[in-house]
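Please open the structure in your viewer and keep the selection panel at hand. The stops below can be followed in order.

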Amino acid sequence: MASIKKHKSTEMGLHDEVLTGRTQQVFFNPEETENFFYHDAHTVDFNKRTEIDANNLECIDINRKINELMAKGYGTIVIKNPGSKHSIGVGILNKLNLIIEGSLGYFGIGSVDGPVVRISGRVGWSCAENMMAGKVVVEKNAGSCFGAAIRGGDLICKGSVGARSGIDMKGGTIIVGGDAGAFTGFMMQRGRIVILGDVGPNLGDSLYDGTIFVGGSIKSLGADAVEAELTDLDIAWLKRKIKVSEIDKKIDYKKITKIVSGKKLWNYDNLEPTERKGAI
Amino acid sequence: MCGIAGIIHKGKSTNVGGEMQKMLQSLKHRGPDSTGYALYGNGESNNYILRFKVGENVKEGSSAVMEDESIYQARVEQVNSKISTSGATLHKEEKITPYSYRYVISYDGDLLDLAKQIESVEMTEILSLGKSLELIKDIGDASVVADQYELGDFAGTHGIGHTRMATESGVDIRSAHPYWAYPFSDVSVVHNGQLTNYWNNRRALEKKGMRFMSTCDSELIAVYLADKIRHGIDLEEAMRGSLDDLDGVFTYLVATKDKLGMAKDHMAAKPMVLYESDDLVALASEEVAIRTVLPEEIDTYDPYEGEVKVWQA
């Protein structure tokens, strides 16, 4: 993994330029090999499969068992009877097939980097918060703050999601087969959100950057969210991603609305006072 | 943080006390200070059930002022006298704790007059006065309160409840939820959130003669709804109005003799998970509470911002 060369990162579309000016963004640097390793990551074999019955376990015990099994090389773990408990499957920093047979409570699959997770039920608030990479598929509905602050990976909900999906999102993709609540994409900074159903009020409020696609109706746009032209490249990307998401829904791609940032609210320092006033 | 929960069975009576106990106990982590139940039972023929307290629970953790228990009996005798002079007839008298009582009374007059008479006795607060509502709240978790008040076998059609983490007011019974929509029989409210225009609304409602017993912002919802009902406004319409008139972040449940409703503010900042079938509706701040009564795999969802729903028992 550490042998990735600088030209490779450029081919992959990752940044390696030296930063100038004011920014909080940290770009990829292939020379810093320590960034590729997690001390708690494990090498697993997907063919080694096992189960955990979560019925009488606390969430801390379930997560400890997952970690112990990964350390033993198990690459496919099935959680039975999760019982909507909170914070299950958090902090997984390696590849893993995690299958949840049932529903999760709040903060499930948070801060993960790499696993593929399938949840047959629903999830509560803040599913996959801070996800770095991997894929999470929720078969039913999800609560609010779905994919809050994710930085990468694919997060898919086949049902409907609550409010503030993709809040503070910094990368990755969120795909929702059903409807979404208020403030979807609130303060989103990068990445893409796809809502195939209807969306509630204040969509993309205070959006810094990133793109939101909506298949249904939009109740209202938030501050600085504006409609943009849907291109052929967008449609090609949507078709590819929705196919991967396994959402079985007939979609009229040409009717999808594309929302981006008007870029009038952020980086005030570059605006004259009159422009700033107009933006507010 | 606080946790709220409710369950309503459509067209049948079950052990709603035991169900609510399980649901609320699973939400203990959201509010360990006090627990309250508003349970809707099968009633005592056509009589009123009066739940009231003449003092506070002063056990460890309580912010209430310590009193000598002997004073409670004197207050109860005064309450009995007020009931008698108001024209009500006392049929059954149960002392549940040293400070908490359950009476069965018959009364044909104005409930407001009766309530005012009873509450004129020092430190006395009516928790509920209705034909099916029994409102119980005390310090401790759901099991502690249920055991203390013997709620485990309570039969009824529906109920709402609350686990409280005290933030805006003290740890005492008067600041605990649910709140009765004084003086309307059988209307109760539980709330999770903060109301930021509490004092403005409270002053306006007090000018109209509405009564507040605590400084807990959640009481405002009960009083607000009571004021609307007093002016002939339908419960669901009153709840819709509350979304615009009450400022802050909140999700609340309200129950009447035969209905259970929920309302969620425009920001949807407070959680609520909902399960609905042909037989029952169960809802709670967290799905883990619903799982205690419906352990099998079920389809649940989060109601959206600005949503108001009402179900019939």
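The tour goes through strands and their pairing, chain by chain.

This is a predicted model, in which local features need pLDDT of at least 70 and side-chain atom pairs count only at pLDDT 80 or more, while totals for chains, interfaces and linings use all residues. Residues are numbered from 1 along each chain as its sequence is written, and chains are lettered from A and ligands numbered from 1 in the order in which they are written.

**Chain A**

Select residues 97-101 of chain A, which form strand β3; strands here are DSSP runs of E with at least two residues, numbered from the N terminus. The covered face of this strand holds Leu98(A) and Ile100(A), whereas Asn97(A), Ile99(A) and Glu101(A) make up the uncovered one. In a regular strand the side chains alternate between the two faces of the sheet.

Next add residues 74-80 of chain A, strand β2, which runs parallel to β3(A) and is joined to it by five bridges; two strands count as paired if DSSP finds at least two bridges between them. Here Thr76(A) stands opposite Asn97(A). Then add strand β4, residues 113-119 of chain A, which pairs with β3(A) in the parallel sense over four bridges, and look for Val117(A) opposite Leu98(A).

**Chain B**

Move to chain B and display the open sheet of four strands, whose order is β4-β5-β3-β6 with antiparallel pairing. Its edge strands, each pairing on one side only, are β4 (89-97) and β6 (125-130) of chain B.

Finally, select residues 48-53 and 100-106 of chain B, strands β3 and β5, which pair in the antiparallel sense over six bridges. Which residue of β5(B) stands opposite Arg51(B)? That residue is Arg102(B).

Terms used
A residue is buried if 20 or more other C-beta atoms lie within 10 Å of its own, exposed if 12 or fewer, and partly exposed in between; C-beta atoms are placed from the backbone.
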